[in-house]
Amino acid sequence: MILLLLLLAGRARCAAMTFGGWMDIYPNVEQVEAHPELFDSVSLGMYGIAADGSVVRNPIVPDRSGLMAWARSHRVLVYMTLGGNPKEMPGAITGAALERTLAATTTLCASEGFGGVDVDLEELPASAKEPYTIYLRRLREALKSMRPKRRLSVTVECFQDADGEKESFLDYAVIAGIADEVRVMHYTCPWGEPGPIMPRKEFAESVAYARSRIPKDKYVAALPWYGHDWEVPSNTGDDILWTQTRGATGLAGPPELLRVHGGRLVSEEPAGELHYSYTVEGRLHEVWMPDARTFAWMVDDVRKAGAAGIAVYQ
């Protein structure tokens, strides 16, 4: 039910924007398939780029043939999300590996019916900027030479200011000139320590900065509908979803945690997210989780910023 509430709340607020999301590991797609009118696209992280440039199936992602058939029947665009091991980049997208990647990507688009490619390469060194940009240009050329032409979406991390972007392998403006859309991931803010997935202040700063560098007709705000369960003081943990159960996925979502450990979720301000603490085997855990209210103010903010669309993870 929480997923459905988020879908309906998000779509109601972004009537003039595109609406899509990533459907990767978890198999709970029934509520998505029940509401095709809400979606313009879905992105499937079924494949990744290997060290030699080949495109390989991700074994932990369940079969998505049913979802793809549903999407095609309702004219919902399906993106193939391509990731890769940062340690194998940029070698996997240069030289002979680049040619192999491009050929494999277009072959899969044609054989499996993907309407576009979503490039989601993260945590590359700053020195990878040039080969990464060349890869995007070549991929765009390959996708636009297909019949019908395929769309290119590029997913990038968020920055609060120009200094962060300059220190990275990304150039928002250049990427926007290549891609059909640029998805800016407005989440994962704590970066290694317990805290909100994306506090209000940092969210507002990252949205403003993205809009200063990316034309509004190409700017897609990627928003979180997942939380994180941190173990303290090691500051390790896992992303969690509301409806997860330990029996089904090995990880418990907030409702199950409350049933087992008691206590209550607290709405924290000014962060704008839910917070919960519990102890298991003598170890303190902290959980942070956006809820429908979080999602609502995020969608309102990016709509006011003039975003072309939103994409939700996960």
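Arg283 is partly exposed, with 39% relative accessible area. This figure, like the others in this report, comes from a predicted model. The partner of Arg283 in a salt bridge is Glu281, with 3.6 Å between N and O. Glu281 is exposed, at 71% relative accessibility.

**Salt bridges**

Across the whole structure, a search finds 15 salt bridges. Three of them are set out below, with the distance between nitrogen and oxygen.

| Salt bridge | N to O distance |
|---|---|
| Arg283 and Glu281 | 3.6 Å |
| Asp291 and Arg293 | 2.8 Å |
| Asp300 and Arg303 | 3.6 Å |

Is Asp291 buried or exposed? Asp291 has a relative accessible area of 14%, so this residue counts as buried, because the limit for buried is under 20%. Its salt-bridge partner is Arg293. Arg293 has a relative accessibility of 51% and counts as exposed, since exposed means over 50%. The bridge between Asp291 and Arg293 therefore joins a buried residue to an exposed one.

The salt bridge between Asp300 and Arg303 lies within a helix. Both residues belong to helix H11, which covers residues 292–304. They are three residues apart there, which means that about one helical turn separates them. Asp300 is buried, at 19% relative accessibility, while Arg303 is partly exposed, with a relative accessible area of 39%. Elsewhere, salt bridges with shared partners link four residues into one network: Asp118, Arg151, Glu181 and Arg183.

**The largest pocket**

Rolling a probe the size of a water molecule over the atoms shows where empty space is left. The largest pocket holds about 1,100 Å³ of space. How many residues line the largest pocket? Its lining consists of 35 residues, and those nearest the centre are Asp120, Glu122, Glu123, Met185 and Tyr313. Several strands give two or more residues to this lining: E2 (41–49), E3 (55–57), E4 (77–84), E6 (151–157) and E9 (227–232). Strand E4 supplies the largest share, which is four residues. Sorted by class, the lining of the largest pocket has 18 nonpolar residues, 10 polar residues and seven charged residues.

**The sheet that contains E9**

Strand E9, one of the elements in the pocket lining, also takes part in a sheet. This open sheet is made of five strands, in the order E10-E9-E13-E12-E11, and its pairing is antiparallel. Which strands lie at the edges? They are E10 and E11 (266–268), each of which pairs on one side only. From one strand to the next, the twist averages 25 degrees.

At one end of the strand order, E9 pairs with E10 (residues 236–240) in the antiparallel sense, over five bridges. Two of the residue pairs can be named. His228 has Asp239 in E10 as its bridge partner, and Trp230 has Gly237 in E10 as its bridge partner. E9 and E10 make a hairpin, with three residues between the two strands. In the turn of this hairpin, Asn235 has a positive phi of about 60 degrees.

Taken together, E9 appears in two parts of this description: E9 gives two or more residues to the lining of the largest pocket, and E9 stands between E10 and E13 in the order of the sheet.

Terms used: Residues numbered from 1 in each chain as written. Predicted model: local features only at pLDDT ≥ 70, side-chain atom pairs only at ≥ 80, totals over all residues. Heavy atoms only, no water. Salt bridge = Lys/Arg side-chain N within 4 Å of Asp/Glu carboxyl O. Buried < 20%, exposed > 50% of the residue type's maximum accessible area, 1.4 Å probe, protein only. 1 Å grid on protein atoms, 1.4 Å probe; cavity = no way out; pocket = protein on both sides within 12 Å on 5 of 7 lines; lining within 4 Å. Points joined across faces, edges and corners; volume = space filled by probe spheres on them. Nonpolar A, V, L, I, M, F, W, Y, C, P; charged D, E, K, R; others polar. Pairing = 2+ DSSP bridges. Axes fitted to C-alpha atoms, helices over the stretch in contact; angles between N-to-C directions.
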